[in-house]
Amino acid sequence: MSEEERDFEEQLRELLTEDAYTIRPSPVPYPQIRRQGVVERRRRVAVAGAVLVTLAAVPVGAFAAGGGGTGTADTATTPTASASATPTATPTPTPTPSGPAGPATAGQLRDGITLEQAAEGLDKCLAYDRDRVAHGGIASSDLGKADEYRIILALNSTGDSNSPGDGMFVVAVKEKPKETRLICNIKDGEASGLGTSVGSDRQPDSPPVLADINGNKLYQQSFMDKGNWKLPFSWGFIGTVEPTVAKVTVSYGGVGGEAVLDHGWFVASGTLTQQVTRNPHIKGYDKGGKLIYDSDEDKTYQQVQ
């Protein structure tokens with residue numbers, strides 16, 4: 001083999017060697033690839049965990065801020081317990097009982113009669129008036145409702161020849177819309193008689209103490225029984241006073257005492273143990289104690305029964 005042939009053979013072998021290396025790549029470094037894969041998986045898991053934590057935190061943050069956005073806002077519909085979220089209970093007010101007002105003093109309810117009994121009697125009296133008018137009775141001014149009135153006197157009533165049977169008198173008054181006074185008699189649980197006065201009895205020349213025009217119903221028995229009254233007899237007496245009057249005294253059957261002043265009315269009562277022929281004697285005094293009215297000197301006052 002010539003020198004040229006040997007050189008050609010060596011060059012051919014080198015080319016074949018280089019081609020073989022090019023066609024067959026170097027072996028894959030598996031240990032390095034495995035390490036990189038493990039690191040990559042850990043990184044991805046960490047990233048995914050961070051995303052999950054973020055998604056769980058968003059609803060809580062949105063509720064705390066009071067946000068109303070869509071999406072995660074629905075997950076905050078159940079708030080945690082909070083003292084400020086508990087509504088304060090409002091006490092239910094106790095209803096005020098309807099009915100008439102009571103008198104200025106307990107002594108104006110005589111003979112063991114309670115305010116409840118007097119109020120019930122007043123209700124029956126007003127119902128009696130409405131029924132009377134509804135069945136063709138004489139029309140009168142609307143007497144109104146019981147809770148518009150103030151009871152100023154209640155006492156036992158003694159039956160006589162004109163109105164047999166014992167019972168109870170109830171006297172009630174009101175100021176609005178018109179001054180009204182009623183005297184009602186209740187017997188056996190039913191209203192049996194009613195006397196009313198609508199509008200003030202006072203005139204420009206009326207005295208400072210003015211006896212009620214129908215007050216005799218409370219302190220007299222029937223004229224038919226004159227000289228033969230049933231005793232003892234529980235009596236009452238009412239009338240109006242001007243603001244200048246500070247004190248009123250009433251004596252009847254030889255027994256006297258100070259009347260109660262109740263919102264422009266004077267109210268007296270007692271027990272009669274003997275037959276009388278004269279009406280109660282009334283005196284009125286001003287704040288200084290000066291006598292400013294005496295029924296004995298009042299020409300408009302009926303002295304004798």
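This report describes the fold, the cores, the disulfide and the unusual backbone geometry of a single chain.

**Overall composition**

The model is predicted. The chain holds 4 helices and 12 strands. Of its 305 residues, 30% are buried. The accessible surface of the chain amounts to about 19900 Å², and carbon and sulfur atoms account for 56% of that area. Among contacts in the chain with a separation of 6 or more, 57% are between residues 24 or more positions apart.

**The four-stranded sheet and helix α3**

An open sheet of 4 strands follows the order β1-β2-β3-β4, and its pairing is antiparallel. Its edge strands are β1 (150-157) and β4, each of which pairs on one side only. On average, neighbouring strands of this sheet are turned by 15° against each other, with direction ignored. In general terms, the strands of a sheet pair through backbone hydrogen bonds, in either a parallel or an antiparallel manner.

Two of the pairings can be described in detail. Strands β1 and β2 are antiparallel and share 7 bridges; here Arg150 has Val173 in β2 as its bridge partner. Strands β3 and β4 also run antiparallel, joined by 8 bridges. Across that pairing, Asn185 stands opposite Gly193 in β4. The hairpin of β3 and β4 has 2 residues between the strands.

Helix α3 lies across β1, β2, β3 and β4, and it runs at about 80° to β4.

**The disulfide between α3 and β3**

A search of the whole structure finds 1 disulfide. It is formed by Cys125 and Cys184, whose sulfur atoms are 1.8 Å apart. The link of Cys125 and Cys184 is left-handed, with -100° about the S-S bond. The pair ties together distant parts of the chain: Cys125 belongs to helix α3 (residues 115-134) and Cys184 to strand β3, 59 residues apart.

Are the two cysteines, Cys125 and Cys184, buried or exposed? Cys125 has a relative accessibility of 0% and therefore counts as buried. Cys184 likewise has a relative accessible area of 0%, so it is buried.

**Nonpolar cores**

As a general tendency in soluble globular proteins, nonpolar side chains are buried together. The largest nonpolar core in this model has 19 residues, of which Val209, Trp235, Phe237, Val248, Val250, Phe266 and Ile282 touch the most other members. Strands β6, β7 (247-252) and β10 each contribute at least two residues to this core. The largest share, 4 residues, comes from β6.

Val248 illustrates the packing of this region. Leaving aside residues up to four places away in sequence, Val248 touches Val209, Val241, Gly257, Glu258, Ala259, Leu261, Phe266, Ile282, Lys283 and Gly284. A second, separate core consists of 18 residues and includes Ala118, Cys125, Tyr149 and Ile186. Cys125, one of the disulfide partners, is thus also listed among the members of this second core.

**Backbone geometry in the loops**

Two cis peptide bonds and two positive phi values deserve mention; the table gives each with its angle.

| Site | Feature | Angle |
|---|---|---|
| Lys176 and Pro177 | cis peptide bond | omega about -5° |
| Leu231 and Pro232 | cis peptide bond | omega about -5° |
| Asp188 | positive phi, not a glycine | phi about 55° |
| His263 | positive phi, not a glycine | phi about 55° |

Pro177 is placed in the loop between β2 (167-174) and β3 (180-187). Pro232 is found in the loop between α4 (216-219) and β6 (233-241).

Asp188 occupies the loop between β3 and β4 (190-198), and its positive phi thus falls within the hairpin of those strands. His263 lies in the loop between β9 (260-262) and β10 (265-272).

How does the exposure of these two residues stand, and what are the values? Asp188 has a relative accessible area of 80%, so it is exposed. His263 also counts as exposed, because its relative accessibility is 59% and the cut-off for exposure is over 50%.

Conventions. Residues are numbered from 1 along each chain as its sequence is written. This is a predicted model: local features need pLDDT of at least 70, side-chain atom pairs count only at pLDDT 80 or more; totals for chains, interfaces and linings use all residues. Side-chain values use heavy atoms; hydrogens and water are left out. Buried means under 20% relative accessible area, exposed over 50%, partly exposed in between (1.4 Å probe, protein chains only). A nonpolar core is a set of buried Ala, Val, Leu, Ile, Met, Phe, Trp, Tyr and Cys residues joined through side-chain atoms within 4.5 Å. Contact means heavy atoms within 4.5 Å. A disulfide is a pair of cysteine sulfur atoms within 2.5 Å. Two strands pair if DSSP finds at least two bridges between them. Axes are lines fitted to C-alpha atoms, for helices over the stretch in contact, and angles run from 0 to 180 degrees between N-to-C directions. Accessible areas come from the Shrake-Rupley method with a 1.4 Å probe; for residues, only the protein chains shown count as cover.
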